[in-house]
Amino acid sequence: MRGNFQRDRDRIIHSTAFRRLEYKTQVFVNHEGDLFRTRLTHSIEVAQIARGICRVLQLNEDLAEAIALAHDLGHTPFGHAGQDALNTCMRSHGGFEHNLQSLRIVDRLEERYAGFDGLNLCFETREGIVKHCSLENARELGDVGERFLARRQPSLEAQICNLADEIAYNNHDVDDGLRSGLITLDQLREVGLVSRHLAAVEAEYPDLCGRRLIHETVRRMINTLVCDLVDTTKGNIAEQSPEDIDAVRGCKPLVEFSPALANENLELKKFLRINLYRHYQVLRMTSKAQRIINDLFSAFVDDPRLLPPQYQNDEAQYRSVADYIAGMTDRYAVKEHRRLFSVGEI
Ligand code: MG
């Protein structure tokens, strides 16, 4: 009844790693508020944007949805802070990269089928999950690593998911950033993409304020980015007219924003980096997160007997510790830290 990519998507939705996304940080840790994005809602937003783009370009929506829903499966607890900490811990043991961890989950770590490890996904889905990786890692990846070594592109659906991810997080971080009060609308007026749409909304609805003003502005920003991406990509495809997937792989990236929008997008990213991701209140959480990951890693590496038995692994103990920590949700990591380090906690 289902095509291969539909089946991939369904396998991803039923995986354990997918359910964990609900309790993993995007920017704000889950306990900071109920309305902030989590990795789960972020992944659903990416899938929505990617599917919309694929439909209008007559590409494969099921493939894009599968890639989008799986693209963040490998994230550690506490977002990028967690990944950086785990990567530092693993420096002499092959490092840690969330893209590769996503692939490792769908290829090996999920235990759901009698006949094989992982989810046995199609090449196209797995290729889309590995958005980027170092050449050194690419050599270890077999079929999905080859394109990095040959400097070729992935499918159009994978390219779309990549930019749908950016569209989703830039815009929802504006929304979440404003909701948290860490950034203000007045600050955002310095950013071209925001100020242009904000001014248009204010001109059209002079009495609008509060959440509705923000939401109306953000939805227009998303719409502008999506429409620009569709038009630019349509133009690229018409110009290069690739005959098949092999030709797509050999072209320059065909999915892109126009130069003007790419610049505005970059400006917004820069604003968020400086004003939100490096806000002292975010950095406090980041530094706490790093301490938790470091402590857990050292405790388990120093004495692997503290690990649940299925993670005790004489041949690859470091990697197994990394798998265990990466699989934790934010609150599970906090709890586990308390269980290991807090006197009076069992
Ligand atoms: Mg993402």
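## Aromatic pairs

A search through the whole of this predicted model turns up 5 aromatic pairs. One of them joins Y113 and F116: the ring centres are 4.8 Å apart and the planes meet at 20°, so this pair counts as stacked. Planes under 30 degrees apart are what earns that label. Y113 is partly exposed, at 30% relative accessibility, and F116 is partly exposed too, with a relative accessible area of 28%.

Another pair brings together Y311 and Y324. Here the centres are 4.6 Å apart and the planes lie at 35°, so the pair is tilted. Y311 sits in the loop between α16 (280-302) and α17 (317-327), while Y324 belongs to helix α17, so the pair ties together parts that are 13 residues apart in sequence. Y311 is partly exposed at 21% relative accessibility, just as the cut-off of 20% for buried residues requires, whereas Y324 is buried at 6%. If you follow the ring pairs in this part of the model, you will find F300, Y311, Y324 and Y332 linked into a cluster.

## Charges over rings

Y113 has a charged partner as well: the charged end of R11 sits over the Y113 ring, 4.7 Å from its centre. Elsewhere, R147 lies over the face of F148, and the distance to that ring centre is 4.1 Å.

## Around N87

Helix α5 (residues 79-89) is home to N87, which is partly exposed with a relative accessible area of 33%. Which residues does N87 touch, leaving aside its neighbours within four places in sequence? The contacts are with G95 and F96. N87 can also be placed relative to H98: the two are 11 residues apart in sequence, and their C-alpha atoms are 9.4 Å apart in space.

## Helix α6

H98 brings us to helix α6, which covers residues 98-109. How does the span of α6 compare with that of a straight helix of 12 residues? The straight helix would span 16 Å at 1.5 Å a residue, but α6 spans only 14 Å between its end C-alpha atoms.

Of the 12 residues of α6, 9 are buried, so this helix is largely enclosed by the rest of the structure. The buried residues are H98, N99, L100, Q101, S102, L103, R104, I105 and V106. What covers them includes α2 (16-20), α4 (61-70), α5, α7 (123-129), α8 (135-138) and α17. Two of these helices will be familiar by now: α5 holds N87, and α17 holds Y324.

Technical notes. Residues are numbered from 1 along each chain as its sequence is written. This is a predicted model: local features need pLDDT of at least 70, side-chain atom pairs count only at pLDDT 80 or more; totals for chains, interfaces and linings use all residues. Side-chain values use heavy atoms; hydrogens and water are left out. Rings of Phe, Tyr and Trp (its six-membered ring) pair if their centres lie within 6.5 Å; planes under 30 degrees apart count as stacked, over 60 as edge-to-face and the rest as tilted. Buried means under 20% relative accessible area, exposed over 50%, partly exposed in between (1.4 Å probe, protein chains only). Helices (H or I, at least four residues) and strands (E, at least two) are DSSP runs, numbered from the N terminus. A charge sits over a ring if NZ of Lys or CZ of Arg is within 6 Å of the ring centre and within 35 degrees of the ring normal. Contact means heavy atoms within 4.5 Å. The expected span of a helix is 1.5 Å times one less than its number of residues.
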